[in-house]
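Biologist: I would like to learn how to read helix crossings and sheets in a model. Could we go through one together?

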Amino acid sequence: MRFVARQSELRELGALSAAAADGRGGAMLVLGEAGIGKSTLVEAAVESLDGWRVLRASGVEFESELPYAALHHLCAPVLEYRRELPAPQRLALETVFGLGAGAAPNPMLVGLAVLSLLGAAAQDLAVCCVLDDAQWSDKASRQALAFVARRIGADRVVLVFAARGVASVPEFDRLPQLVVAGLAASEALDLLRLSASTLPSHDGPVLERIVAEADGNPLALVEFARNADALGLPNVATGGVQGALEAQFTRRIQRMPARARSVMVLAAAEPLGDLMLLRRAMTVLGLDAADLTGAEEEGLVLAGPPLHFRHPLARSAAYRSADARTRRQVHAALAEATSADTDADRRTWHRASAAAVPDESTAAELARSAVRAHERGGFAAAAAFLERSAQLTPDASRRAGRLLSAARARLKSGSPEAARELVNQARLGSPGTADGAELRLLDAMIDYHVARSIPATLALADAAEELEPDQARETYLEAFASLMFSIDEPGRLRRLALRIQGRVPRRCPPRAVDLLLDALLAQNLLPVDEAAPAMRRAVEAFQHQARVPDASPWWMERACVLSADLCDEVAMEQLTDRQVELARAQGAYAILPHALRFQAAARIMVGRFDDAAASIIEARAVDEAAGTTNLLGSDLTLAAWRGDTERFREVREVLRHWAGVEYTAVFYAKGVLCNGLGGYQEALDALLVARDRQQQGSYVVSAFHGELVEAAVRARRPEEGRLSAAWLEDLARVNPTSWAVGAHLLARALLEPGLGAHELYVGAIDRFAQTRLRGHYARARLLYGEWLRSVGRRAEARVELRAAHELLKTVGARAFADRAVRELAAIGEHPGVDETDPLNALTERELLVARRVASGAGTKEVAALLFVSPRTVDAHLRSIYRKLGISSRRQLREFQL
C-alpha cells in the first residue's frame, strides 16, 4: 500500500519528534478504525527519523491477559540500560519481565523504571517508541506506558500509540490525540492508481462502487479492488467496512488448501510470531515448510522473522474461520511445542485453550500461573488465569473458591464490577462454609471500594463477623478507621465500637494492629484518662515494629494520630518519618501519598512548616503520577498555621466539592486560622462544631482543645473553654508529657482571672521549651506577652512579644507573627519589614528540587522522588540557578532551605 494524503497528520507527528529532539519529549495517541491507515501513517513518520532508536511492539488479541507482555517486547532492545537504574527500579523491571525473582512491584515503580530506562537509552540516541494495536496490549503495559507518557518531560523520547478508539485504551485518554479519518474520494482514486501495478484492472463503475463501499478506508480500497473479480464486490451495509474486510479475508482463507489453512490458524493462535516455535508445532500437526509457503503465497502472512499477518483483521479471520476442534488442535500443538521451563504461562494458556472438558490437572496449572502473575504484579492476568482455571475445574466447591480468588484479583486490579460478576458466578455454584464467608466479605469489599459510603463500611464490619479472628480484627480496623472521619449520624461510631468490642476475642500475644484496634475502641468508648494507657500501648508497639528493617508501613499513620492525641511529638515524628521511609523503599505507592500527608501534619505540629510543605509537594507528585486524588487535611492545616487565607479558601472549596459536606478537621483548621487573624468569635464557633462532632463520634485531632480555650477566652466566653481545659487536665494527669502538661498549664493560665496566671504561663512556656514544638512554644510566649501587656507590665511584655514575633516569623506562622506585631505596636514598638525572599520566585516543584539537592541528594534520587526523569530534574536545576542568580550545587547549599 502506497502512502497518500495525511500531510497534516505527518506534520503533527513531525513536530512531536522535533520537540523531543530538542529535549522536550512527548506522546501522541493515534486513533482510527481498522484499516484506516494508522500503521502506515506512523511508519511514514518513523521513516523520516534519522539517527533515532526506534522501539516497536504490537498488541495481539490473544495475548492481552499476559502481564507486561507488550512492554517487554518494546523495551527488550534497550534492557542493557537497566544496569544504570537505581536498584529498586532495576529489580522491578527484572521481576515483571521474568528476569529475576522479587516481590510484586507497584505499577508506579514499574512505570518509573521504564521512564528511567528510556531516559538512559536516550542519552545515546533519541528514542521513538511505537505501540501499534494498543487496544490489544495488556493492561499492565498500558498503565506503565501511560505513566511514562505523562512524565516524559525533558527527555529525547517520543511515544506513539495507535488504537481503534480511546474507549479501548482508557489509560491513554489524557494524551494528545490525532484522529485519522477516511480518505476523500479523490485521494482514494489516487491510491488505487498508485497501486494499479499490483491490482486487477476494473472499469469505471466498478471502481466507483469500490470507492463508495470502502468509505475512505485505504485497506478496504486495496482489498476490495484486489479481490473484486474472485470474490465479488463487497456489501458493507450490514457489518460495516471492518466486517466486510474480515469477511473477505475469511473467504480468501477458506479458498486455500486445507494444510495451508491449518498453518494460518496455527500462526493466528501464536502471538509472538516465533518461527522456530511455529515449526515445532507444525511438526506436531504433521505440517511442513511447504504448507507455510502456501500461506505466504496467499499474501496474508509474511514469514519475517518474525512471522506476522498483513493486518490484524487477517489474523482474526484466520482464527475465527476455524471450527472449535481445529482451534483445540492447534493450541494443543503449541502447548507441546512451548518450553515449560522458559515460557510456562503461555504453555499453560495453550493447554487450557485446547481443553474441551473440565480437567483438574490443567486447572491446577492455571492456578499456578495465576500465582506467578500475581508475584509480578499482574493482577488482571492473575484473574484471567483463575477465571479459566475455574471454568476447567470439575469440583463445584473448588470451582467456587477459584472464582472468588479471581474476584479478589480483579478487585486488586481496579476492576470492582468485574469482581462482582465473578462473585455472583461463585454464588450460583456450591461454595463451602469458608468460601461462603469469603463471598460475603468480597461483596462488602467491592461495595466499600466502589462507594466508600457509610452503608458499605458497615457491611464490611458485618462481613468481618464470619472471619477467623486475625482477619476479622484487621477488617474491623479497616471499617472502624474509615468511619472515624464520618459525620453521618450521632452515636453510630460508638455503636460500632461496642459491637466490635463484644465480637472479637483478644489475641495473645497481641500484634501491633490488634493493639491499634483496642486503642481506637478505647478512645471512642472511654474518657481520655482511661483510654490513654491503651493508646500508649499501641503507639509503643508501632514504635517497636518500626525498628524492624523490613517492617510493614501499613497502619503507621493511625499510630501517628494516636501519638498526636497523646501529645507525644517524638513518637509522632518517628512514626511518620519511618512510614514514609518504608513506603518509599518498598514501593508501596498506594499509601505513600497518604503517609507523606501525615508526615506533613506531624511537621506542622512541631513548627517545621517548610518541611511540611515539601512533604505535601511530594505527595502531590505521587498523586499526579498515579492519577489519583488524596485528602487535603494537611494542606488545609498548613495554610491555617501560615495564615494563608487564599490557600485556605481554595483547599476548603476543593474538600467541600469532594464530600458535599465539611470535614470535621476543617473546623480545627479554621479555628487555628481565625485565632491567628484575631477573629476569635469565628474561631470559637468553628471549634465548638469540632468538639460537638467529636462527642458524636467523629474524629478530630485533640490539639483543637487548646485552640478552643484560647478562642473562648479571647471571645469573652470563657465558660465554653472549661470542658476542653478539663480534658487537657485529665490527659496530663495520666500521660504527663511536656506537651500535654504545657497545654494543660496554658489552658489554666488563659482561664485564670487574676495574677495567679503568671506562674501558669511561665510553667507552660518552660514545658513547651522542653519539646520540639516551636510553633506552640512561640504562641505560648505570645499569649504571655499579651497577658503581661493587659496587666500593665509593658517592659516584660516587650521582651516576650519580641521573642514571640521572631520565633513565629522564623517558623512561618505569619498571622500569629502579625498578631505579635499588633501587640508591639500597642506599646510603641514597630518591627522592621522583611526583605523579599528570593526563594519566593521558585515554583513548588523547583523549591522541592532545591531543598533536596541542597541536602545532598543526587539527580537520580530526586528524579525517583518526583517520578520524573533525571533530565527533567536537571532542567529544574537550570531554572533554579537562573532565578537565584547562582551556578552550582555548592552555592545552592548556602541558601537557608
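Modeller: Gladly! Let us start with handedness: a crossing is left-handed if the near helix is turned anticlockwise from the far one by less than a right angle, and right-handed if clockwise. Keep in mind that this model is predicted.

Biologist: Which crossing does helix 11 make as it passes helix 14, left-handed or right-handed?

Modeller: Helix 11 passes helix 14 in a left-handed crossing. The axes of helix 11 (residues 258-269) and helix 14 (residues 312-320) cross at roughly 115 degrees and come within 8 Å.

Biologist: Which residues of helix 11 and helix 14 meet there?

Modeller: From helix 11 come M264, V265, A267, A268 and A269, and they meet R315, A318 and Y319 of helix 14. Sorted by class, this contact has seven nonpolar residues, one charged and no polar.

Biologist: Now the sheet, please. What is the order of the strands in the open sheet?

Modeller: Its five strands follow the order 2-3-4-1-5, with parallel pairing. Strand 2 (53-58) and strand 5 (177-179) are the edge strands, each pairing on one side only. On average, neighbouring strands are turned by 15 degrees against each other, direction ignored.

Biologist: How many bridges join strand 1 to strand 5?

Modeller: Three bridges link strand 1 (residues 26-31) with strand 5, and the two run parallel. One to look for is V30, whose bridge partner in strand 5 is L178.

Biologist: And which strands does helix 5 touch?

Modeller: Helix 5 (residues 107-121) packs on the sheet and touches strand 2, strand 3 (127-132) and strand 4 (157-163). Its direction makes about 135 degrees with that of strand 3. Helix 6 (residues 139-151) lies across strand 1, strand 3 and strand 4, and runs at about 135 degrees to strand 4.

Technical notes:
Residues are numbered from 1 along each chain as its sequence is written. This is a predicted model: local features need pLDDT of at least 70, side-chain atom pairs count only at pLDDT 80 or more; totals for chains, interfaces and linings use all residues. Side-chain values use heavy atoms; hydrogens and water are left out. Two strands pair if DSSP finds at least two bridges between them. Helices (H or I, at least four residues) and strands (E, at least two) are DSSP runs, numbered from the N terminus. Axes are lines fitted to C-alpha atoms, for helices over the stretch in contact, and angles run from 0 to 180 degrees between N-to-C directions. Contact means heavy atoms within 4.5 Å. Ala, Val, Leu, Ile, Met, Phe, Trp, Tyr, Cys and Pro count as nonpolar, Asp, Glu, Lys and Arg as charged, and the others, Gly among them, as polar.
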